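The following exercises are to be worked with the sequence and the three-dimensional structure at hand. Each task is followed by a solution in steps.

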Amino acid sequence: MRLLHNWNCPWAEQTPPRGGYLGEYGELVAASWLRAQGYKILRQRFRMGHSGEVDIVCRKGDVLVFVEVKSALHTGAGRPARRINEHKRKLLRRAAGLWLRRLGREVPSRMDVVEVLLPPGRKPEVNHIVAAFSLRPTHSAALTTS
């Protein structure tokens, strides 16, 4: 099986993709990469009303993992994960909390970030930040690379 994250980015240097497509393609790359790492994808783009949206909900072993995907063409303005501000974290926590409440029982869970760099004409670069920040608002862990 050929994994999506091994493909070259489908745009040339002169024709960058429209913003929405960049994010969609990044999410496909991230999901493919997570599958290759042994994660089972449960849902993509999980949303309930105005609670926020989680790009990918997956599982590895007994751990439920909520994943925010941040895509960029380059790191000229800093790492993509830096764009996750406190408001976005609040929305992600709310959406993850809704998923967890629907389960009706406690399960080990965490919030990860997957950065996807999509340089024109080259293979995507994936950086997985495990437990990027707490699911509880009282703790604000700094984003660290794993």
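**Exercise 1. The largest pocket**

Identify the residues that line the largest pocket of this predicted model, and state which strands supply them.

*Solution.*
Step 1. The lining of the largest pocket consists of Leu100, Arg105, Glu106, Val107, Ser109, Arg110, Met111, Ala131, Phe133, Ser134, Leu135 and Arg136.
Step 2. By residue class, this lining divides into six nonpolar, two polar and four charged residues.
Step 3. Strand E4 (109–117) and strand E5 (125–133) each contribute at least two of the lining residues. The most comes from E4, which gives three residues.
Step 4. The space in the largest pocket amounts to about 290 Å³.

**Exercise 2. A lining residue with a positive phi**

Determine the phi value of Ala131, and decide whether this residue is buried, partly exposed or exposed.

*Solution.*
Step 1. Ala131 is placed in strand E5 and is one of the residues that line the largest pocket.
Step 2. Its phi is positive, at about 50°, although Ala131 is not a glycine.
Step 3. The relative accessible area of Ala131 is 42%. The range for partly exposed lies between the limits of 20% and 50%, so Ala131 belongs to the partly exposed class.

**Exercise 3. Order of elements and overall figures**

State how many helices and strands the protein has, and give the order of its elements.

*Solution.*
Step 1. The protein contains two helices and five strands.
Step 2. Read from the N terminus, the elements follow the order α-β-β-β-α-β-β.
Step 3. Of the 146 residues in the protein, 42% are buried.
Step 4. The accessible surface comes to about 8,200 Å², and carbon and sulfur atoms account for 51% of that surface.
Step 5. Among contacts between residues at least 6 apart in sequence, 56% join residues at least 24 apart.

**Exercise 4. Strand pairing**

Trace the pairing from E1 through E2 and E3 to E4, giving the sense and the number of bridges for each pair.

*Solution.*
Step 1. Strand E1 (residues 40–47) and strand E2 (residues 53–60) run antiparallel and are joined by six bridges. Arg43 stands opposite Val57 of E2.
Step 2. E2 also pairs with strand E3 (residues 63–72), in the antiparallel sense and over five bridges. Within this pairing, Arg59 has Leu64 as its bridge partner in E3, and Cys58 stands opposite Val65.
Step 3. The hairpin of E2 and E3 has two residues between the strands, and Gly61 takes a positive phi near 65° there.
Step 4. E3 and E4 run parallel and are joined by nine bridges. Val65 has Arg110 as its bridge partner in E4. Arg110 also belongs to the lining of the largest pocket.

**Exercise 5. Enclosure of E3**

Why is E3 described as largely enclosed by the rest of the structure?

*Solution.*
Step 1. The criterion for a buried residue is a relative accessible area under 20%.
Step 2. Nine of the 10 residues of E3 are buried, so this strand is largely enclosed by the rest of the structure.

**Exercise 6. Two residues of helix H1**

Classify Glu27 and Arg35 by accessibility, and list their contacts beyond the neighbours within four places in sequence.

*Solution.*
Step 1. Glu27 lies in helix H1, and Arg35 is found in helix H1 (residues 19–36).
Step 2. Glu27 has a relative accessible area of 11% and is therefore buried. Arg35, at 44% relative accessibility, counts as partly exposed.
Step 3. Apart from neighbours within four places in sequence, Glu27 is in contact with Gln44, Arg45, Asp55, Ile56, Val69 and Ser71. With those neighbours again set aside, Arg35 is in contact with Ile41 and Gln44.
Step 4. Glu27 and Val114 are 87 residues apart along the chain, and their C-alpha atoms are separated by 8.9 Å. Arg35 and Arg59, 24 residues apart in sequence, have a C-alpha to C-alpha distance of 9.9 Å.
Step 5. Arg45, one of the contacts of Glu27, lies in strand E1. Its phi is near 55°, a positive value in a residue other than glycine. With a relative accessible area of 39%, Arg45 is partly exposed.

Notes: Residues numbered from 1 in each chain as written. Predicted model: local features only at pLDDT ≥ 70, side-chain atom pairs only at ≥ 80, totals over all residues. Heavy atoms only, no water. Pairing = 2+ DSSP bridges. Helix = DSSP H or I, 4+ residues; strand = E, 2+ residues; numbered from the N terminus. 1 Å grid on protein atoms, 1.4 Å probe; cavity = no way out; pocket = protein on both sides within 12 Å on 5 of 7 lines; lining within 4 Å. Points joined across faces, edges and corners; volume = space filled by probe spheres on them. Nonpolar A, V, L, I, M, F, W, Y, C, P; charged D, E, K, R; others polar. Buried < 20%, exposed > 50% of the residue type's maximum accessible area, 1.4 Å probe, protein only. Contact = heavy atoms within 4.5 Å. Areas by Shrake-Rupley, 256 points an atom, 1.4 Å probe, with all protein chains shown as cover.
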